[in-house]
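Hi,

Here is the structure I promised to pass on to you. Have a look first, and then read on for what turned up in it.

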Amino acid sequence: MEEINEKTPDEKIKKVLNITDDKIKNYKFLIINLENNNCDIVKSPRNISEILNEKYSIKISHMFFYRFFEKENYLIKENIVIKKLIW
């Protein structure tokens, strides 16, 4: 007989993203440009600050992001969405 191996949706997602690998858990923030759908995934608030400054000429201190994301999960600034990733 054929063995039935059904996985829950969460198990399927984990397999696709390989979330059990600690490397992916190092990435903490997703940055999405709503005008052209470009995105970046970064490890720290310092990286957020650097990308916003270099790509979009938006100057915000990395300390602002540290404090902001302690309480909030996303930020929208000038057609840029920054989302805190929770693994």
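**What I found**

Let's start at one end of the sheet: β3 and strand β4 (residues 80–84) run antiparallel and are joined by four bridges. Across that pairing, I76 sits opposite V81 in β4. Before going further, please keep in mind that this is a predicted model.

The loop between β3 and β4 holds E78. E78 isn't a glycine, yet its phi is positive, at about 50°. Is E78 buried or exposed? With a relative accessible area of 57%, E78 is exposed, because the cut-off for that is over 50%.

Now for the whole sheet. It is an open one with four strands in the order β2-β1-β4-β3, and the pairing is antiparallel. On the edges you'll find β2 and β3 (74–77), each of which pairs on one side only. On average, neighbouring strands of this sheet are turned by 15° against each other, if you ignore direction. As for what holds such strands together in general, strands of a sheet pair through backbone hydrogen bonds.

Moving along the order, β1 pairs with β4 in the antiparallel sense, over five bridges. There, I31 has I82 in β4 as its bridge partner. On the other flank, β1 and β2 also pair antiparallel, over four bridges, and I32 has C39 in β2 as its bridge partner. These two strands, β1 and β2, form a hairpin with five residues between them, and N37 in that hairpin has a positive phi near 65°.

Have a good look at the side chains of β1, too, since they alternate. F29, I31 and N33 point to one face and are buried, whereas L30 and I32 point to the other face and are not buried.

Next, the helices that lie across the strands. α3 lies across β1 (29–33), β2 and β4, and runs at about 155° to β2. Helix α4 (residues 62–71) lies across β1, β3 and β4, at about 130° to β3. So β1 and β4 turn up in both lists, because contact here means heavy atoms within 4.5 Å and each helix has such contact with them.

In the loop between α3 and α4 there's S57. Like E78, S57 is a residue other than glycine with a positive phi, here near 55°. S57 is exposed as well, at a relative accessible area of 64%.

One last thing: how many salt bridges are there? The count comes to one. D40 pairs up with K55, and their closest N and O atoms are 2.9 Å apart. That is a salt bridge because the distance is within 4 Å. The pair links distant parts of the chain, with D40 in strand β2 (residues 39–42) and K55 in helix α3 (residues 45–56), 15 residues apart. What about the surroundings of the two partners? D40 counts as buried because its relative accessibility is 16%, under the 20% limit. K55, on the other hand, is partly exposed, with a relative accessible area of 48%.

If you only have a minute with the model, I'd look at β1 with its alternating side chains, and then at D40 and K55.

Cheers

Conventions: Residues numbered from 1 in each chain as written. Predicted model: local features only at pLDDT ≥ 70, side-chain atom pairs only at ≥ 80, totals over all residues. Heavy atoms only, no water. Salt bridge = Lys/Arg side-chain N within 4 Å of Asp/Glu carboxyl O. Buried < 20%, exposed > 50% of the residue type's maximum accessible area, 1.4 Å probe, protein only. Pairing = 2+ DSSP bridges. Axes fitted to C-alpha atoms, helices over the stretch in contact; angles between N-to-C directions.
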